[in-house]
Amino acid sequence: MILFDTLRSGNAWKVRLLLRNLGLAFERKTLDLAKGDTKTPEYLAMSPRGQVPVMQFDDGTTLAQSPAILARIAEDTEYFPTDPVVRGKVMEWMFFEQCDLLKPLAIPRFIVALAGQGEEKADLVKQFQDQGYPMLALMDKRLAASDFLVDDYSIADINLYPYTSMAHLGNYDMDRFPAIQAWIKRVESLPGWVPLIED
Ligand SMILES: N[C@@H](CCC(=O)N[C@@H](CS)C(=O)NCC(=O)O)C(=O)O
C-alpha cells in the first residue's frame with residue numbers, strides 16, 4: 001500500500017495512525033503542496049480535489065478523503081464495528097468532523113502555526129474559533145461520559161484526534177475542555193500511536 005501525504009497533514013496523520021495501530025506495512029510518498037505535486041494530471045486522477053491523503057491499495061485501486069480511507073482499511077477490524085447501530089455512530093462522528101470541525105480547527109492552525117500570520121489574520125482566526133468552540137464543547141460533553149467517542153476506540157477517535165490534538169496551535173484555549181484533554185492522553189497511550197512527525 002502507498003500513502004500519499006505531506007509532512008504536516010493532519011488528515012494523512014489519521015491514516016498513518018490507523019496503519020500503525022493495525023501494524024500494517026505501507027510505503028509513504030511525501031508530497032510538497034507548494035511545488036504543485038497534488039495538482040498534476042496523474043495525481044488529480046486519484047484525488048479530484050488535488051489533496052492529500054490518497055491511499056493506493058495493493059490491488060491498484062486508489063481512494064481519497066481520509067474518513068473513506070479509514071473505513072476501507074478498518075473493514076473487518078475491531079476499529080470499525082459491524083453492528084449497524086454502533087457503525088452508524090462511528091460514521092456520525094466522522095461526518096461531524098468533516099462538516100463541522102475540520103475547517104474551524106485546521107485553518108487557525110495553518111494561519112498561526114504554519115503560515116505565521118496569527119497577528120495579521122487575528123480576525124479570521126477568531127471567526128473560525130467562534131465556529132470551532134461550540135463543536136469542541138459537544139465533543140467534550142460526549143467524552144466526559146465515555147472514554148472514547150463511541151464505545152471502544154474506533155476510527156471515529158482516529159478521525160477526530162489529529163486536528164483536535166493540534167487545536168492549541170491555532171490559539172484555541174483547550175483548558176476549557178478537560179474531557180478532550182484526557183481523551184487525547186488516552187489515544188496517545190495506545191499501542192501504535194505515532195507523532196505527526198515520525199523519526
Ligand atoms: N476532506 C479531506 C480534506 C483533505 C485536505 O484538506 N488536505 C489538505 C492537507 S491536510 C490538502 O491537501 N490541501 C491542499 C489543497 O486543498 O489544495 C480529507 O479528510 O481527506
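Here are some worked exercises on the structure above.

This is a predicted model, in which local features need pLDDT of at least 70, side-chain atom pairs count only at pLDDT 80 or more, and totals for chains, interfaces and linings use all residues. Residues are numbered from 1 along each chain as its sequence is written, and side-chain values use heavy atoms, with hydrogens and water left out.

**Exercise 1. Find which residues are closest to the ligand, and list polar contacts to the ligand.**

Step 1: The ligand is surrounded by 13 residues (a heavy atom within 4 Å), and the closest are K39, V52, Q65, S66 and Q98.

Step 2: Look for polar contacts, meaning pairs of N or O atoms within 3.5 Å; within protein, one must be able to donate a hydrogen and the other to accept it, and residues adjacent in sequence count only if both atoms are side-chain atoms. The side chain of K39 has an N or O atom 2.8 Å from an oxygen atom of the ligand. A nitrogen atom of the ligand lies 2.7 Å from a polar side-chain atom of Q65, and a polar side-chain atom of Q98 is 2.8 Å from a nitrogen atom of the ligand.

Step 3: Of the 510 Å² that the ligand exposes when taken alone, the protein buries 76% (Shrake-Rupley method, 1.4 Å probe; for residues, only the protein chains shown count as cover).

**Exercise 2. Describe the backbone at Q65 and at the bond between V52 and P53.**

Step 1: Start with a reminder: most residues other than glycine have a negative phi, and most peptide bonds are trans.

Step 2: Q65 is not a glycine, yet its phi is positive, near 75°. Q65 sits in the loop between strand 4 (62-64) and helix 3 (66-74); helices (H or I, at least four residues) and strands (E, at least two) are DSSP runs, numbered from the N terminus.

Step 3: V52 and P53 are joined by a cis peptide bond, with omega about 0°.

**Exercise 3. Is D140 buried or exposed, and what lies around D140?**

Step 1: D140 belongs to helix 5 (residues 122-145) and is buried (buried is under 20% relative accessible area, exposed over 50%, partly exposed in between; 1.4 Å probe, protein chains only).

Step 2: D140 has no salt bridge (a side-chain nitrogen of Lys or Arg within 4 Å of a carboxyl oxygen of Asp or Glu). The nearest side chain of opposite charge, R186, is 9.4 Å away (Lys and Arg count as positive, Asp and Glu as negative; His and the chain ends are not counted).

Step 3: A polar atom of the D140 side chain lies 2.9 Å from the backbone nitrogen of I180.
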